[in-house]
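I opened a fresh page for this protein and kept notes as I went. Here is what I looked up, in the order I looked.

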Amino acid sequence: MTATKTLLKVTGLKVSYGGIQAVKGVDFEVHEGELVSLIGSNGAGKTTTMKAITGTLPINAGDIEYLGKSIRGQGPWDLVKQGLAMVPEGRGVFTRMTITENLQMGAYIRNDKEGIAADIEKMFTIFPRLRERKDQLAGTMSGGEQQMLAMGRALMSRPKVLLLDEPSMGLSPIMVDKIFEVVKDVYAQGVTVLLVEQNASRALGIANRGYVMESGIVTMSGNAAEMLTDPRVRAAYLGE
């Protein structure tokens with residue numbers, strides 16, 4: 001898929017978290033029709049960067065542009081309405097709601113009842129396990145099932161850009177396989193994806209481009225397939 005316009009652009013981003021400057025001047029961009037992976041070890045500043053993009057953490061310096069306009073200071077509600085949706089680390093499902101109710105909450109910005117119903121059915125097709133448990137409370141589901149639900153809920157807003165923060169964290173190998181297959185499918189259906197992951201080999205394996213983040217800065221970027229064979233990446237993240 002040929003990259004065209006820039007949908008998301010982060011410039012000189014600095015963010016403090018818990019009294020520490022976790023992000024120290026980060027630059028990266030995501031083009032329309034791309035799957036971009038942001039990799040790095042735990043504590044590198046990846047999640048802080050995602051929270052800053054989606055307006056859940058304040059920015060100290062720099063800017064974030066979406067569709068060519070600054071979104072600095074805007075909250076998650078405004079961004080979802082503009083087509084920017086995030087699946088947070090830890091999933092964040094509504095534990096006392098059913099699976100169906102969680103999916104309906106994902107469509108809170110919409111009022112097309114027939115379209116919402118059709119999209120819920122689509123989510124049940126993508127995630128058959130959710131259909132089997134559609135009336136079950138989300139809090140009683142396994143971690144992998146909750147991750148599927150969180151992804152389905154985000155997709156219910158019909159995003160232009162989907163941000164995924166550590167979707168494979170804490171999941172069994174089989175469930176990790178399933179989650180990465182879904183990410184590939186979502187991307188294949190035309191959704192631009194920014195994927196933050198500790199699992200560097202899996203993340204770069206499905207991406208067009210990648211960025212490596214270390215100690216709050218981007219230290220490397222490039223074609224994802226080339227990065228997978230880069231000795232520095234292999235030594236630092238693939239145990240070689």
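**Entry 1: burial, and an aromatic pair**

Before judging any residue I wrote down the cut-off: buried means under 20% relative accessible area, exposed means over 50%, and partly exposed is what falls in between. I also noted that this is a predicted model.

I started with F28, which has a relative accessibility of 4% and therefore counts as buried. F28 belongs to strand β2, residues 20–31. Next I searched the whole structure for aromatic pairs and found two. In one of them F28 partners Y211, with the ring centres 5.6 Å apart and 55° between the planes, a tilted arrangement. The pair links distant parts of the chain, since Y211 sits in strand β9, 183 residues away from F28. I then asked myself whether Y211 is buried or exposed. At 7% relative accessibility, Y211 is buried.

**Entry 2: the whole chain**

I stepped back to the overall fold and counted ten helices and ten strands. The radius of gyration is 17 Å, close to the 18 Å that the globule rule gives for 240 residues, so the protein is as compact as a globular protein of that length. Along the principal axes, the C-alpha atoms fill a box of roughly 45 × 40 × 40 Å.

How much of the protein is buried? I noted 49% of the 240 residues. I looked at contacts too: among those with a separation of 6 or more, 67% are between residues 24 or more positions apart.

**Entry 3: surface and charge**

The accessible surface comes to about 10,900 Å², and carbon and sulfur atoms hold 50% of that. For charges, I tallied 27 positive and 26 negative side chains. The centres of these two sets lie 3 Å apart.

**Entry 4: two positive phi values**

I went looking at the backbone in two loops. L67, in the loop between β4 (61–66) and β5 (69–70), has phi near 55°, a positive value in a residue other than glycine. The relative accessibility of L67 is 35%, so I put this residue down as partly exposed.

S215 also has a positive phi, near 50°, and is likewise a residue other than glycine. I placed S215 in the loop between β9 (209–214) and β10 (217–223). Its relative accessible area of 53% makes S215 exposed.

**Entry 5: A61 and what it touches**

I moved on to A61, in strand β4. With 26% relative accessibility, A61 counts as partly exposed. Which residues does A61 contact, leaving aside its neighbours within four places in sequence? My list reads G12, L13, K14 and R72. I also checked A61 against K24: they are 37 residues apart in sequence, and their C-alpha atoms are 9.1 Å apart in space.

**Entry 6: G73**

My last stop was G73, in the loop between β5 and α2 (76–81). G73 has 76% relative accessibility and so counts as exposed. How far is G73 from D177 in space, C-alpha to C-alpha? I noted 36 Å, with their places 104 residues apart in sequence counted as the separation.

Notes. Residues numbered from 1 in each chain as written. Predicted model: local features only at pLDDT ≥ 70, side-chain atom pairs only at ≥ 80, totals over all residues. Heavy atoms only, no water. Helix = DSSP H or I, 4+ residues; strand = E, 2+ residues; numbered from the N terminus. Rg over C-alpha atoms; globule rule 2.2 N^0.38 Å. Buried < 20%, exposed > 50% of the residue type's maximum accessible area, 1.4 Å probe, protein only. Contact = heavy atoms within 4.5 Å. Areas by Shrake-Rupley, 256 points an atom, 1.4 Å probe, with all protein chains shown as cover. Lys, Arg positive; Asp, Glu negative; His and termini not counted. Charge placed at Lys NZ, Arg CZ, Asp CG, Glu CD. Phe/Tyr/Trp six-rings, centres within 6.5 Å; stacked < 30°, edge-to-face > 60°.
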